[in-house]
Amino acid sequence: MQFPVRMFGALVVFIFTACQSFNTSSYSSAYNSASLRSESVGVIPTAAPVPDEPIQTAALPANSAVRPLVRPRTPAPKPGCAAVCVMDAMTGQVLYEYNGNVRRQVASTQKVLSALVILDAGRLSKTVTIAEEDTKAAPTKLGFKAGEKYRREDLLHALMVRSFNDVALALARDTAGSVSNFVSRMNSKARRLGMYNSHFVNPNGLPASQYSTAVDMARCAWFAYRNPVLRRMVCDARYDFRLANGRIRTLANTNKLLSRYSWVTGFKTGYTNAAGKCLISTGGYNGRHVIVVVLGSTNARIWDESAKYLKWALELA
């Protein structure tokens, strides 16, 4: 008589206080798995519930939350910026928001959404041939030339570390056939993520008739934080990018919090005159992780403003 054999897997979560090196080989299958849903996330109080968008629970980065944040015993710090959202990186619950649903431009922080759209397309080892139209972006540029060839993953890494606007154009065109098609994908993706207070018209965040909110960008970061590819990229304080001529150009991350605090894990900076200084920052301590979005700050205040909310949520102050 034969008996069925059932295999039981054990989930072992390793918590580290610094950024880890992530294995990206299984990303595409895990990210697109229809069985990996977000029903257990719960409701974000100041917005709509987290939607039914696939997430890669089976392939979470090593340094991920294993328990929800405890509501801090002290009141939230007073804001010195236009808008703030503090979100539990595990549950998606908003612990604090100030002007969280007010629409405004968010500058290069919207490249997090661009990155998610690029990763949805997969094929990270694909060769991208630079077109002349890709080179026409300012002011922050990698400075590549038409005809040069790069791996899609390498360009995405450079985008997330140094925020090059020409790289955003190249990746958008390569991913969707045109920048306009890519922007359509961005807006479709935003709706699927529940970013109902957002509308985008370019992939790089340069000034235009587009907008989002602190809560919506926190929601975007909530999904991005589960992405092992993005987590590996955004936690790099430096990245050695190989140019088409073979030379190595070392890129310093625009997120200065990475070099100031060992428990900071990313995420993305942004600045235009219209948006002000913006920062999505993430951090983890003792198994709890937080997402902080600060919009409309200044060069002098953005780092301390973001750090005070990270510390408040993690009770490190």
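This report walks through the confidence, two helices, the salt bridges and a few backbone details of a predicted model.

## Confidence in the model

Let's start with how far the prediction can be trusted. The protein chain has a mean pLDDT of 84, and 80% of its residues reach 70 or more. Residues 1-49 are a stretch to treat with care: the pLDDT there is below 50, although the model gives this stretch 87 contacts beyond near neighbours in sequence. Where pLDDT is low, the predicted coordinates should not be read in detail.

## Helix H4 and its surroundings

Helix H4 runs over residues 165-176, and its 12 residues reach 17 Å from the first C-alpha to the last, close to the 16 Å expected at 1.5 Å a residue. Burial is the feature to look at here: 12 of the 12 residues in H4 are buried. Charged side chains belong to this buried set, which includes Asp166, Arg173 and Asp174 alongside residues such as Val167, Leu169 and Leu171.

Which elements do the buried residues of H4 pack against? They are helix H2 (111-121), strand E3 (127-129), helix H3 (152-162) and helix H5 (179-192). The packing with H3 can be described in more detail. The axes of H3 and H4 come within 9 Å and cross at roughly 140°, and the crossing is left-handed. On the H3 side, Arg152, Leu155, Leu156 and Leu159 take part, meeting Val167, Ala168, Leu171, Asp174 and Thr175 of H4. Just beyond the end of H4, Gly177 has a positive phi of about 95°.

## Helix H9 and its cover

Helix H9 (302-314) is another element worth a visit. Its 13 residues reach 18 Å from first C-alpha to last, close to the 18 Å expected at 1.5 Å a residue. Of these 13 residues 10 are buried, so H9 is largely enclosed by the rest of the structure. Among the buried residues are the aromatic side chains of Trp303, Tyr309 and Trp312, together with Ile302, Leu310 and Leu314.

The cover over the buried residues of H9 includes several strands: E1 (83-88), E2, E7 (264-272), E8 (276-285) and E9 (288-297). Helix H8 (257-260) also belongs to this cover.

H9 carries a salt bridge along its own length. Glu305 pairs with Lys308, with 3.1 Å between the closest N and O atoms. Both residues lie in H9, 3 residues apart, or about one turn of the helix. The partners differ in their surroundings: Glu305 counts as buried at 3% relative accessibility, whereas Lys308 is partly exposed at 26%.

## Salt bridges between elements

Side chains of opposite charge can pair when their charged atoms come close. In this structure there are 11 salt bridges.

Asp120 is a good place to look, with partners in Lys189 and Arg192. The closest N and O atoms of Lys189 and Asp120 are 3.0 Å apart. Lys189 sits in helix H5 and Asp120 in helix H2, so this pair ties together parts that are 69 residues apart in sequence. For Arg192 and Asp120, the N to O distance is 3.6 Å. Arg192 also lies in H5, so its pairing with Asp120 in H2 links parts 72 residues apart in sequence.

How buried or exposed is Lys189? With a relative accessibility of 1%, Lys189 counts as buried. Asp120 is partly exposed, with a relative accessible area of 25%, and Arg192 is partly exposed as well, at 36%. Elsewhere, Arg151, Glu153, Asp154 and Arg232 are linked in a network of salt bridges.

## Positive phi outside glycine

Two residues other than glycine deserve a glance at the backbone. Asn99 has a phi near 55° and is found in the loop between strand E2 (94-98) and H2. Its relative accessible area is 34%, so Asn99 is partly exposed.

Glu315 is the other example, with a positive phi of about 55°. This residue follows H9, in the segment after that helix. At 35% relative accessibility, Glu315 is also partly exposed.

Definitions and conventions:
Residues are numbered from 1 along each chain as its sequence is written. Side-chain values use heavy atoms; hydrogens and water are left out. Helices (H or I, at least four residues) and strands (E, at least two) are DSSP runs, numbered from the N terminus. The expected span of a helix is 1.5 Å times one less than its number of residues. Buried means under 20% relative accessible area, exposed over 50%, partly exposed in between (1.4 Å probe, protein chains only). Contact means heavy atoms within 4.5 Å. pLDDT is the predictor's confidence in each residue, from 0 to 100. A salt bridge is a side-chain nitrogen of Lys or Arg within 4 Å of a carboxyl oxygen of Asp or Glu. Axes are lines fitted to C-alpha atoms, for helices over the stretch in contact, and angles run from 0 to 180 degrees between N-to-C directions. A crossing is left-handed if the near helix is turned anticlockwise from the far one by less than a right angle, and right-handed if clockwise.
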